[in-house]
Amino acid sequence: MAIRGHYIHHAKKSTFHSFSCSTYLFFISLLCLASLFLVLSLFKSSVSPHNHQSLQFKHSDSSETPTLVEPCDYSDGMWIYDPNLRSAPYDHTCKEIFKGWNCIASNKSNGLDIIKWRWKPKGCDLPRFDPIRFLEWFRNKSIGFVGDSLNRNMFVSLFCTLKRASSEVKKWRPAGADRGFTFLQYNLTIAYHRTNLLARYGRWSANGGALETLGYKEGFRVDVDIPDGTWTEAPSFHDILIFNTGHWWWAPSKFDPVKSPMLFFENGLPLIPPIPPHVGLDLVLKHMRMLFCSHNSILFVERRMRPGGIKFFRTQSPRHFEGGDWDQGGSCQRLQPLLSEQVEELFSLKNNGTNVETRLVNQHLYKALKSSDFHILEITRMSEFRADAHPSTAGGKKHDDCMHWCLPGITDTWNDLFLMHLNNINFKN
């Protein structure tokens, strides 16, 4: 009996121990399931099901990967004057600033006020450009600006911003570039490739042929299917490209439709009947898409983008001539941004005013680049308000400069937007 009693006591103790272990394991499993459910819930709530075209991100340090916060249309907003706004990302002593754009050094009356206006998108904020973060993220990369002098405006803004954070810089120009610099500590190169039409063009004189029989004696030959030599090597060198074109396509003072018209060629032959500039622009943009299309053109093999390369097309930068064009006494004397109704008066297509090419160019860009893998950098809307931010009479020209922008100035905000788009792309990838 004693033995049996001992057995019963041991069995009860063993049963109790087994029950305790089972209970313990049950609660551990339940806790794990609850934790997993919580993590999944947080992940689900942090990612919107919508297709984000523009996104806002949070950062806590310079090396952190972008984190999605919310969708945002950065092109829709207003300029807010903030007299206490902290200093510009660089100052007027940056030597790369073209003299005519240095509105502080040239004592433009509102030169210091220009940088106290902050762009506020509806429903979100546009963070200011962080040069250290930018340099870290794009270490060992190369960025190329390809376009007219307005892209140089943006390029200089980026250079001056980065140089203030990292002064160890070496001048170095990739093939075809007008200017270029390498930030040695980060091995980051940025360069500007000047091209007015993106396509190759030059003076043309009649020497027999179809155009002469139509009465053309001289003009400018534009080869719509041949890239300008200043940037033919850029896609194979740069990891990121920012293109623009526009101002020269609506420039009768440069391409007089009677005395020196634009004459378009394709496959080495003149297009007959001759086409107007806006149709020529469409053809150039069409062939530009073909250049980057892997299944369409042998040019892609020769000049293709680097693996993972990113292509931007910047929308048209608005001019603000009032009272006539630049060669007709037009000026831009405003000291504050325009109101919405004033913007429409200057830029509405139905008014067909002096600055109408801004929205006309954008119509062609959006149509040509639809469904392409170009990322659109929309800077037009925010810039249309800033009639106060051009060099004007301080530009050092015989006429008001109402096309380029003061530096520091609005192109700094373009670079804020540029960085946000890069964050967006990096997050998706």
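This passage walks through a sheet, a helix pair and two buried residues in a predicted model.

The sheet comes first. It is an open one built from 4 strands, lined up in the order S9-S10-S12-S13, and its pairing is mixed. The edges belong to strand S9 (199-205) and strand S13 (269-270); each has a single partner strand, so one side of each is left without a neighbour in the sheet. For S9, the link to strand S10 (residues 218-227) consists of 7 bridges, with the two strands running antiparallel. One pairing across these strands can be picked out by name: Arg200 has Asp223 in S10 as its bridge partner. Helix H6 packs on this sheet, where it touches S9, S10 and S12, and its direction makes about 25° with that of S10.

H6 also has a helix to deal with. In general, two packed helices are described by the angle between their axes and the distance between the axes. Here, the axes of helix H6 (residues 277-291) and helix H9 (residues 357-369) come within 10 Å and cross at roughly 35°. The crossing of H6 and H9 is right-handed. On the H6 side, the meeting residues are His278, Leu281, Asp282, Leu285 and Arg289, and on the H9 side they are His364, Leu365, Ala368 and Leu369. Sorted by character, the residues of this contact come out as 5 nonpolar, 2 polar and 2 charged.

Now for the loops. His247 sits in the one between strand S11 (240-243) and strand S12 (262-266). Its relative accessibility is 9%, so His247 counts as buried. What surrounds it, once neighbours within four places in sequence are left aside? His247 is in contact with Asp148, Leu150, Gln316, Ser317, Arg319, Glu357 and Met403. With Gln316 there is a polar contact too, made between the two side chains at 3.5 Å. Glu357 is a link back to the helix pair, as His247 touches Glu357 and H9 covers residues 357-369.

Cys94 is another loop residue, placed between strand S3 (77-81) and strand S4 (117-121). Is Cys94 buried or exposed? Cys94 counts as buried because its relative accessibility is 12%, and the cut-off for buried is under 20%. Neighbours within four places in sequence aside, Cys94 is in contact with Phe159 and Cys160. Cys94 can also be placed relative to Leu407: the two are 313 residues apart in sequence, while their C-alpha atoms are 9.5 Å apart in space.

How values were computed. Residues are numbered from 1 along each chain as its sequence is written. This is a predicted model: local features need pLDDT of at least 70, side-chain atom pairs count only at pLDDT 80 or more; totals for chains, interfaces and linings use all residues. Side-chain values use heavy atoms; hydrogens and water are left out. Buried means under 20% relative accessible area, exposed over 50%, partly exposed in between (1.4 Å probe, protein chains only). Contact means heavy atoms within 4.5 Å. Axes are lines fitted to C-alpha atoms, for helices over the stretch in contact, and angles run from 0 to 180 degrees between N-to-C directions. A crossing is left-handed if the near helix is turned anticlockwise from the far one by less than a right angle, and right-handed if clockwise. Ala, Val, Leu, Ile, Met, Phe, Trp, Tyr, Cys and Pro count as nonpolar, Asp, Glu, Lys and Arg as charged, and the others, Gly among them, as polar. A polar contact is a pair of N or O atoms within 3.5 Å; within protein, one must be able to donate a hydrogen and the other to accept it, and residues adjacent in sequence count only if both atoms are side-chain atoms. Two strands pair if DSSP finds at least two bridges between them.
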